[in-house]
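Let's walk through this structure together, one neighbourhood at a time. Keep the model open beside you as you read.

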Amino acid sequence: MNVPLLAVEEVTKFYPQRRAVFGRRRPPVRALDGVSFTLARGESLGLVGESGAGKSTLGRLVVGLERPTAGSIAFDGVELTTLSRAGWRDVRPRVQMVFQDPYAALDPCQTAGEIVSEPLVVHRVGKPRERRLHTLALLEAVGLGPASMNRYPHEFSGGQRQRIGIARALALEPELVVCDEPVSALDVSIRAQILTLLKELQQRFSLSYLFIAHDLSAVRALCTRIAVLYLGRVVELAPRAELFEAPRHPYTRALLSAVPQPDPEVERLRQRIVLPGDAPSPLEPPSGCAFHPRCTLAAEVGPERCRTETPELVTLGDGAHQVACHAFGPGA
């Protein structure tokens with residue numbers, strides 16, 4: 001039986017708040033609430049959803065920057081949530097992260113060569129000459145020449161800085177790379193170049209990606225499967241083609257309806273689905289289905305059921321498509 005490279009089961013993350021005036025307790029911020037999925041070797045799984053859905057929090061949990069409140073995160077059969085610092089030191093080379101902001105993620109006092117080689121120094125990999133040669137090879141792999149070795153971050157463009165961040169993430173030859181919105185801070189003209197680079201590197205180094213984004217076109221270009229998050233829960237999980245061609249959850253349908261189309265005729269005929277109201281606060285999420293105050297199917301399913309019962313992920317068709325909606329679950 002094949003063990004998935006990454007298995008996330010019922011992961012919950014609550015952030016406690018400081019007491020209010022007169023010492024009254026405030027409810028915790030529910031960033032993630034029972035998230036589950038698996039990631040196979042060589043696969044790219046996209047996590048999409050609006051701001052505050054919990055995407056970046058989940059990425060930070062996977063790489064060990066934070067610990068979950070509850071649940072399990074297993075990497076290649078190793079439980080990450082209970083690892084000590086020494087245990088993480090053994091796992092760290094295999095799990096790396098590319099951060100969202102290429103301006104803030106790089107030390108301005110280090111050269112590009114020092115930034116990329118730092119993981120090798122920390123983990124005591126190779127001798128100085130071997131590290132230098134490996135660093136040169138990595139910079140070349142991401143499209144930067146030897147001249148970039150001695151330049152500082154402020155001397156590079158945003159796209160070039162992100163390439164340095166990608167090279168640093170690959171320094172220890174990881175198996176899993178968590179990409180936390182790696183193109184959202186870049187110009188539109190640069191995004192396609194970085195996505196193409198990520199695809200080439202995946203094939204070259206046999207990488208698996210957990211790709212976090214709110215740009216659905218970027219996810220469509222890179223990922224093989226897509227998980228849609230809403231207010232800390234997975235509401236739909238499906239292969240890329242099936243999700244874009246036949247979305248089931250009303251929230252997913254609304255997201256896809258907002259994606260601009262390159263064909264002017266198709267764009268002219270595109271019908272936007274405008275959801276009523278705003279996304280609820282994670283401080284006080286609605287009872288039952290968190291999406292029910294904005295849902296177009298709640299009236300058909302039964303408003304009372306949607307208000308009181310939390311839908312579980314149910315499997316549709318051949319088992320590759322999952323959705324958390326009472327319209328498709330038991331009793332629908």
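Contact here means heavy atoms within 4.5 Å. With that in hand, and remembering that this is a predicted model, look at where helix 3 and helix 5 come together. On the helix 3 side the contacting residues are A112, I115, V116 and P119, and they meet I164, A167 and R168 in helix 5. The two helices pack at an angle of about 25 degrees, and their axes are 7 Å apart. Angles under 35 degrees count as roughly parallel, and helix 3 and helix 5 are therefore roughly parallel to each other. Their crossing is right-handed.

Helix 3 has another partner to show you, and that is helix 4. The axes of helix 3 and helix 4 come within 9 Å and cross at roughly 125 degrees, which makes helix 3 oblique to helix 4. This crossing, too, is right-handed. From helix 3, the residues making the contact are G113, V116, S117, L120 and V121, while helix 4 brings R131, H134, T135, L138 and L139. You may recognise V116 from the previous paragraph: it meets helix 5 and also takes part in the contact with helix 4.

Between these two helices runs a loop, and R124 sits in it. Have a look at its backbone: R124 has a positive phi of about 55 degrees, although it is not a glycine. Is R124 buried or exposed? Its relative accessibility is 72%, so R124 counts as exposed, the cut-off for that being over 50%.

Now follow the chain into helix 4 itself, which covers residues 128–141. Its 14 residues reach 20 Å from the first C-alpha to the last, close to the 20 Å expected at 1.5 Å a residue. Which residues of helix 4 are buried? They are R131, T135, L138, L139 and A141. These buried residues cover an arc of only 155 degrees around the axis, so they lie on the same side of helix 4. On the face turned away from that buried side you will find the exposed residues R129 and E140. What covers the buried residues includes helix 3 (112–122), helix 5 (158–170) and helix 6 (188–205). Just after helix 4 comes G143, with a positive phi of about 90 degrees.

Let's move further along the chain, to the loop between strand 9 (225–230) and strand 10 (233–239), where L231 lies. L231 is another residue other than glycine with a positive phi, here near 50 degrees. Its surroundings contrast with those of R124, which is exposed: L231 has a relative accessible area of 13% and is therefore buried.

Our last stop is V323, in strand 12 (residues 321–323). With a relative accessible area of 0%, V323 is buried. What does V323 contact, leaving aside its neighbours within four places in sequence? V235, E236, R248, H249, E312, L313, V314, L316 and F328 are in contact with V323. To place V323 against another part of the chain, find R253: the two residues are 70 residues apart along the chain, and their C-alpha atoms are separated by 12 Å.

Terms used: Residues are numbered from 1 along each chain as its sequence is written. This is a predicted model: local features need pLDDT of at least 70, side-chain atom pairs count only at pLDDT 80 or more; totals for chains, interfaces and linings use all residues. Side-chain values use heavy atoms; hydrogens and water are left out. Helices (H or I, at least four residues) and strands (E, at least two) are DSSP runs, numbered from the N terminus. The expected span of a helix is 1.5 Å times one less than its number of residues. Buried means under 20% relative accessible area, exposed over 50%, partly exposed in between (1.4 Å probe, protein chains only). The arc is that of the directions from the helix axis to the C-beta atoms. Axes are lines fitted to C-alpha atoms, for helices over the stretch in contact, and angles run from 0 to 180 degrees between N-to-C directions. Angles under 35 degrees count as roughly parallel, over 145 as roughly antiparallel, 65 to 115 as roughly perpendicular and the rest as oblique. A crossing is left-handed if the near helix is turned anticlockwise from the far one by less than a right angle, and right-handed if clockwise.
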